[in-house]
Amino acid sequence: MTSALRIEGGNPLNGEVKVRGAKNLVPKAMVAALLGSTPSTLRNVPEIKDVQVVTDLVELHGVSVTNNTETGELTMDPSQVSLANHADIDAHAGDSRIPILLCGPLLHTIGEAFIPDLGGCRIGDRPINYHLRVLEEFGAKVEKLPTGISMKAPAGGLKGASIELEYPSVGATEQVLLAATRAEGKTELRGAAVEPEILDLIAILQKMGAIITVETDRQIIIEGVPSLKGYQHNAMPDRNESASWASAALATGGDIFVRGANQKDMTTFLNVYRKMGGGLDIQDDGIRFYHPGGELNPLFVETNVHPGFMTDWQQPLVVAMTQATGVSVVHETVYENRFGFTDALVRMGATVQLHRDCLGPTVCRFGHKNFQHSAIITGKTPLKGADIHVPDLRGGFSHVIAALSAEGTSNVTGVSVISRGYEHFVEKLNALGAQFEAMD
Ligand code: EPU
């Protein structure tokens with residue numbers, strides 16, 4: 001994978017890209033396969049690094065995986081699930097947070113699990129306290145070791161529990177689903193996240209034989225069953241990648257048809273895009289996103305859990321906001337530290353001021369904690385090329401589109417991190433007419 005790009009900016013991105021399965025669903029669907037007694041087949045799987053990391057991790061635990069990267073069909077046979085060596089798990093986990101989600105299925109199948117020190121994008125502390133508490137509520141015995149965290153199932157296996165999340169965490173909700181489906185008895189989860197990726201995971205678990213009811217008001221009831229079978233499923237398309245290309249079209253003054261983008265998963269984003277003045281042509285097989293010419297409108301956006309404006313949409317849209325006429329405000333309420341990427345935008349000529357206060361109606365968890373989690377973006381400011389090192393997945397994508405919309409040359413290093421979640425990123429840029437040279 002290319003690690004550095006020398007980008008000649010100032011040209012609109014025009015053309016078509018195709019999005020496949022969602023990065024925030026596919027790894028979890030792969031983990032769910034461990035709960036089955038027969039093989040599972042997942043379709044529409046993208047060729048991204050996160051899929052490779054999870055493949056390595058489940059293979060270490062005895063799952064046999066075949067992945068046809070061209071057709072996007074991945075099969076997993078969990079019939080030989082076994083214990084893996086702690087050092088091997090650590091070496092293969094890299095910066096992925098997936099090992100924490102393997103715990104429930106492993107506790108059911110082999111009675112123990114191990115989590116190395118976890119990474120993921122550097123967008124805040126990203127603690128795992130909700131996950132550990134949830135697993136303890138199912139009866140798991142959790143022990144902190146110098147190398148990581150070791151877990152054991154109680155005699156008789158995990159038991160259903162009554163759980164309330166203090167925040168609708170996506171990962172903790174998935175943790176509950178993956179642990180509860182085969183736990184003995186009923187699990188009642190309150191304060192659940194209900195992102196479309198979670199509903200797709202629930203659809204998968206239901207295909208496997210799980211009994212899960214999504215009630216109103218963020219309540220999910222899971223009636224445990226003793227065993228599950230394998231599934232066949234088409235992964236939902238990546239709404240975050242779709243929104244990223246949509247923002248790239250606006251920021252560069254371009255016109256991109258995102259084949260596979262699904263309106264129903266993106267209604268909040270589409271409303272915001274429209275209010276900003278972005279052009280939309282919503283079709284059954286994808287969405288055309290374009291800059292219609294003229295001025296873009298400034299906006300107020302507050303990120304939130306679904307059905308709010310998703311945090312992963314924020315960074316690419318901020319780049320487009322630097323090209324809107326007037327003052328935009330973004331209040332980030334999901335992660336405390338997701339504006340680090342704006343330093344580079346400022347060096348490129350953008351006017352972005354960060355604030356510690358909640359600049360929005362929601363008083364979020366970060367309001368009194370000294371985190372710069374609100375941004376004021378004043379446009380329209382021409383951007384100029386700069387040397388940038390990519391900080392994380394979404395911030396990295398944003399830097400690349402900033403470089404593509406800027407006048408002059410930018411040297412962007414560390415771009416391989418973008419391949420964690422964006423399939424064939426460099427090839428897609430090429431197909432859209434981006435002017436760049438791969439530097440390695
Ligand atoms: N949190 C805790 N304790 C926990 C877990 C979470 O305090 O034990 C906090 C987090 O620090 C954060 C908030 O709860 O402030 C929400 O975190 P959540 O658990 O919802 O996030 P996640 O499951 O770790 C997934 C996506 C993220 C996406 C978020 C929010 C995956 C692999 N990651 O993360 O995606 O931003 O949900 O929708 O599904 C990305 O794609 O770039 C990305 C970061």
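User: Hey! How many salt bridges are there between domain 1 and domain 2?
Analyst: Hi! The count is two salt bridges between domain 1 and domain 2. Keep in mind that this is a predicted model.

User: And by class, what does the side of domain 1 that touches domain 2 look like?
Analyst: That side of domain 1 has eight charged residues, seven nonpolar and six polar.

User: Got it. Which residue pairs up with Arg-239 in a salt bridge?
Analyst: Glu-197 is the partner of Arg-239, and the closest N and O atoms of the two are 2.7 Å apart. As a rule, side chains of opposite charge can pair when their charged atoms come close.

User: Let me back up a bit. Where do domain 1 and domain 2 run along the chain?
Analyst: The domain assignment puts domain 1 at 4–19 + 237–439, in two segments, and domain 2 at 26–234. Taken over C-alpha atoms, the centres of domain 1 and domain 2 are 30 Å apart.

User: How many residues of each domain are in contact with the other?
Analyst: It's 21 residues of domain 1 with 21 residues of domain 2. Together the two domains bury about 2000 Å², and 48% of that is on carbon and sulfur atoms.

User: Which three residues supply more of the area that domain 1 buries than any other three?
Analyst: Those are Val-305, His-306 and Arg-420, which supply 34% of the area domain 1 buries against domain 2. On the polar side, seven residue pairs are in polar contact across this interface, with both residues at pLDDT 80 or more.

User: His-306, nice. Which residue does a cis peptide bond join to His-306?
Analyst: Pro-307, with omega at about 15°. Pro-307 sits in the loop that lies between strand E17 (300–302) and helix H10 (311–321).

User: What about Gly-379, what kind of peptide bond joins Gly-379 and Lys-380?
Analyst: That one is a cis peptide bond too, and its omega is about 5°. You'll find Lys-380 in the loop between strand E20 (374–379) and strand E21 (387–389).

User: While we're on backbone angles, what is the phi of Asn-44?
Analyst: Asn-44 has a positive phi of about 65°, although it is not a glycine. Its place is the loop between strand E3 (40–43) and helix H2 (49–60). A glycine with a positive phi is Gly-94, at about 55°, just after H3.

User: And what happens at the start of helix H3?
Analyst: There, at the start of H3 (residues 86–93), a side-chain oxygen of Asn-85 comes within 2.8 Å of the backbone nitrogen of Ala-87.

User: Switching to the ligand: how many residues surround it, and which are the closest?
Analyst: There are 24 residues around the ligand, and the closest are Lys-23, Asn-129, Ser-169, Val-170 and Val-334.

User: Which polar atoms of Asn-24, Pro-127 and Arg-365 are we talking about, side chain or backbone?
Analyst: For Asn-24, an N or O atom in the side chain is 3.2 Å from a ligand oxygen. Pro-127 uses a polar backbone atom, also with a ligand oxygen at 3.2 Å. Arg-365 has a polar side-chain atom lying 3.3 Å from an oxygen of the ligand.

User: Back to salt bridges. How many are there in the whole structure?
Analyst: A search of the whole structure gives 16 salt bridges. Among them is Arg-20 with Glu-423, where the closest N and O atoms are 2.5 Å apart.

User: Where in the chain do Arg-20 and Glu-423 sit?
Analyst: They belong to distant parts of the chain, 403 residues apart. Arg-20 is in the loop between strand E2 (14–18) and helix H1 (26–32), while Glu-423 is in the loop between strand E22 (409–413) and helix H13 (425–431).

User: Last one: what is Lys-18 in contact with, leaving aside its neighbours within four places in sequence?
Analyst: Lys-18, which is in strand E2, is in contact with Glu-241, Arg-259 and Lys-428.

Technical notes. Residues are numbered from 1 along each chain as its sequence is written. This is a predicted model: local features need pLDDT of at least 70, side-chain atom pairs count only at pLDDT 80 or more; totals for chains, interfaces and linings use all residues. Side-chain values use heavy atoms; hydrogens and water are left out. Domain bounds come from an automatic or database domain assignment. Contact means heavy atoms within 4.5 Å. Buried area is the accessible area (1.4 Å probe) that two parts lose on being put together, summed over both. A salt bridge is a side-chain nitrogen of Lys or Arg within 4 Å of a carboxyl oxygen of Asp or Glu. A polar contact is a pair of N or O atoms within 3.5 Å; within protein, one must be able to donate a hydrogen and the other to accept it, and residues adjacent in sequence count only if both atoms are side-chain atoms. Ala, Val, Leu, Ile, Met, Phe, Trp, Tyr, Cys and Pro count as nonpolar, Asp, Glu, Lys and Arg as charged, and the others, Gly among them, as polar. Helices (H or I, at least four residues) and strands (E, at least two) are DSSP runs, numbered from the N terminus. A residue is near a molecule or strand if one of its heavy atoms lies within 4 Å of it.
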